[in-house]
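Grab a coffee and open the model in your viewer. The exercises below ask you to find a few features yourself before reading the worked solutions.

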Amino acid sequence: MSRTALRICPLCEATCGLALTIEGAEVTRARGDRDDVFSKGFICPKGASFGAVDGDPDRLRTPLVRRDGELREATWEEAFDAVAAGIRPVVERYGPNSVGVVLGNPNVHTVAGALYPPVLLAGLGTRSVFTASTVDQMPKHVSSGLLYGDALAIPVPDLDHTDHLLLIGANPLESNGSLCTAADFPGKLKALKARGGTLTVIDPRRTRTAKLADRHIAIRPGTDALLLAAMAYVLFEEDLVDLGDLAPHVDGVDELRAVIGDFAPEAVTGACDVEAGTIRLLARELAGAPTAAVYGRIGSCTVPHGTLASWLVDVLNILTGNLDRPGGALFPQAATDKTPRPAGPGHGFALGRWHSRVSRHPEAKGELPLAALAEEIDTATEEGEPIRAVIAVAANPVLSSPDGDRLDKALGSLDFMVSVDPYLNETSRHADVVLPPPPPSQSPHHDFALNTLAVRNQVRYTRPAVPLEAGRMAESEILARLVLAATGMHGADPSAVDDLVIGQTLGKAVKEPHSPVHGRDPGELAAQLTGLTGPERRLDMMLRLGPYGDGFGVRQDGLTLERLLAHPHGIDLGPLASRLPQPLKTVSGKVELLPGPIADDLPRLRAALRERADGLVLVGRRHLRSNNSWMHNVPVLTGGSNRCTLHIHPEDAERLGVRDGAAVRLKGAGGEVTAPAEVTDGVRPGVVSLPHGWGHDRPGTRLSHAAADPGVNVNQLLDGSLLDPLSGNAVLNGVPVEVASVAEKITALT
């Protein structure tokens, strides 16, 4: 007999509500939840395939422990005994920085992934922290930190109300949005056009999103910051700057005017291949629209000037008065945000508080570049011990970071490695212990991180749709036990981790004058928390202390876990609204329009005016039916357009003698790969495109379907030396490559 259960989709950043059909313990169908307050029934191919992803037979069901060189099934007790025996001696002999922690993108899609890694990092005390952010979004965190004093204060476009939307390096019809949580992003863009709004897309590829646009600008990859700087120049030159209500909250307008003078449209046109008149038109349209928003994503982040491009996105929103106003770009307010503090100066945001050991890369937001992980393992220096042990949580950096071959070898040389992963993949195959979390149907869901980026304020929580299978362990317990084993408390009750966090959080809250629980007894508050598990009690605490919470009884209609559970389709908290100056944590208490590190990096952008790479340059691309390297093992999500092919323009194909469907070799600074060519005018001349996340051909994995059609790892073309210096983000787009048919010899790169 079948039943229906609700679940929030964890397969991308859109966070759509699902209605699952369940027979026994198997998910047999997934459809959109029409009553979901956020997604209102929208579903994409990934969500519709939830059951196939959930029931993948290659998912690990028991822990694996390496014995006599082979990974073998083990009990949970044996697995955590091995973790404690492997990690603690490394820490005690070589210090905490000898343990590297690598956190992958899926952590933001699970309750446990949001709640426990911060405790692990605090308990270990390691500075060797690497995440997927430095191959994706770190430039936006850094620019936000410098502008607003908070790396997590990221404004998002008010998609439902804007009159003019300019997208740069973003393809939300394929990605469903990123750093902008929006269920049915495609529908919102169509609604924008239907109400008479304008959509402009800047992208070297004619993506599905570009095809929908009123205007598509095929920019030369890697020159995003130049084009945006030229638009800012036009706003100043033509007296189009109008901060409006923002004016009292912004410092540095005159200083910005002085440094932007070298970036006239006529000066940048040769580098970015966009006519000066077009750049001026873009600026005038932005300034003239009743409301407007500029939104940049991965294509503008993973380039040599990623932080400057991210900064300039916000600069344009500020100069046109569109930051923090309806229809522009606004700061969301999530239900689990900290209690809003009174507006006023904060501590600001600092870069480079420590550096990596080998190449001296500065930290950003407490992280080192993922591209530096291999050298931090395999290179000896006098600056301290190399990384000798790695804890990888939902991470596959062998495919996601540059020069996977080097990292592959480096991981094989470690003293010890533990991986929390449902699969034996290209990275976890090196682990001494693999701890597999249960499938998503057997886990709860709340979007702690993604709701801070949502285009409408709302809150939703779903308990597990299917009971935990016998022999499995909840992901929250896995990570709590990992914290205990790695920090010298192996064998303690895993509930101690949640109790510790609750005690520390409430103990701090009662001391803060602006807190609704100021002066109260933390023990008495902890006793009021409800929930069946430690994570639910922590969620209840965060909701109660948050901006919509009941303040532990202070506000009768405020949020609690019990109230949220009584609304299974979620609670709508209203449209985004103006919030300044409250989100600002800069030392001045204002938006600091020209921060020092940004000003110091502008000479590098000026030098780019004279740079132009000859030959072909590479960009990546996303597929609607995959998410990084997650889903290539699910047959229903592969095939069709979701293939690992090299897109090449007909003019370039003819010049190089490349035929459609024929094998071609690509060579970059990090190596070479062979892939089938797909001749298409969907890329501009001089640009080739290969998708990210493929390369499932390494031995020792258990990805049967992915291995049958492995594709190639585009990141192997990179050697990891190209980084955005402010953020440490890897440069993945706009890099030079050589392309030739397999029968021809590829010349060396210059």
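Here are six exercises, each followed by a solution in steps.

Before you start, note that this is a predicted model, in which local features need pLDDT of at least 70, side-chain atom pairs count only at pLDDT 80 or more, and totals for chains, interfaces and linings use all residues. Residues are numbered from 1 along each chain as its sequence is written, and side-chain values use heavy atoms, with hydrogens and water left out.

**Exercise 1. Divide the chain into domains, and place the annotated domain on it.**

Step 1. Take the domain assignment, whose bounds come from an automatic or database source. It gives domain 1 (1–55), domain 2 (60–126 + 362–445 + 461–492), domain 3 (138–336 + 585–605), domain 4 (495–569) and domain 5 (613–741).

Step 2. Turn to the record: an unreviewed UniProt entry carries the annotation "domain: 4Fe-4S Mo/W bis-MGD-type" for residues 2–58. UniProt positions are given in the numbering used here, feature names are shortened, and annotations may be inferred rather than shown by experiment.

Step 3. Look at that span: residues 2–58 are 16% helix and 37% strand, and their end C-alpha atoms lie 25 Å apart. Helices (H or I, at least four residues) and strands (E, at least two) are DSSP runs, numbered from the N terminus.

Step 4. Now find the centres of domain 1 and domain 4 over C-alpha atoms; 29 Å separate them.

**Exercise 2. Find the salt-bridge partners of E78, K188 and E237, and say which parts each pair ties together.**

Step 1. Side chains of opposite charge can pair when their charged atoms come close. The rule here asks for a side-chain nitrogen of Lys or Arg within 4 Å of a carboxyl oxygen of Asp or Glu, and the count comes to 41 salt bridges.

Step 2. E78 pairs with R67, with the closest N and O atoms 3.2 Å apart. E78 sits in helix α3 (residues 76–94) and R67 in strand β4 (residues 64–67), so the bridge ties together parts 11 residues apart in sequence. For accessibility, buried means under 20% relative accessible area, exposed over 50%, and partly exposed in between (1.4 Å probe, protein chains only). E78, at 35%, is partly exposed, and R67, at 31%, is also partly exposed.

Step 3. K188 pairs with D160 at 3.0 Å between the closest N and O atoms. K188 is in helix α8 (residues 185–194) while D160 is in the loop between β8 (156–157) and β9 (164–168), so parts 28 residues apart in sequence are tied together. K188 counts as buried at 16%, whereas D160 is partly exposed at 31%.

Step 4. E237 pairs with R280, the closest N and O atoms being 2.6 Å apart. This pair links helix α10 (residues 224–237), which holds E237, to helix α13 (residues 276–288), which holds R280, so it ties together parts 43 residues apart in sequence. E237 is partly exposed at 43%, and R280 is buried at 13%. Salt bridges with shared partners join E237, E238, E266, R280 and R284 into one network.

**Exercise 3. Which residues of α20 are buried, and what do they pack against?**

Step 1. Helix α20 (residues 495–509) has 15 residues and reaches 21 Å from first C-alpha to last, close to the expected 21 Å. The expected span is 1.5 Å times one less than the number of residues.

Step 2. The buried residues are V497, D498, V501, I502, L506, G507 and A509.

Step 3. These residues pack against α5 (117–124), α19 (475–486), α21 (522–528) and α22 (534–545), where contact means heavy atoms within 4.5 Å.

**Exercise 4. How many disulfides does the whole structure contain?**

Step 1. Look for pairs of cysteine sulfur atoms within 2.5 Å. The search finds zero disulfides.

Step 2. Check C272: the nearest cysteine sulfur, that of C301, is 18 Å away. C272 is buried, with a relative accessible area of 0%.

Step 3. For C301, the closest cysteine sulfur is in C180, 13 Å away and too far for a bond. C301 is buried as well, at 1%.

**Exercise 5. Describe the surroundings of A410.**

Step 1. A410 lies in helix α18 (residues 404–412) and is buried, at 2%.

Step 2. Leaving out residues up to four places away in sequence, A410 touches A374, I377 and D378.

**Exercise 6. Inspect the backbone at P581, K365 and N628.**

Step 1. L580 and P581 are joined by a cis peptide bond, with omega about 10°. P581 lies in the loop between β19 (571–575) and β20 (591–592).

Step 2. K365 is a residue other than glycine with a positive phi, near 55°. K365 is in the loop between β14 (329–330) and α16 (373–378) and is partly exposed, at 28%.

Step 3. N628 has a positive phi near 55°. N628 lies in the loop between β21 (616–619) and β22 (646–648) and is buried, at 15%.
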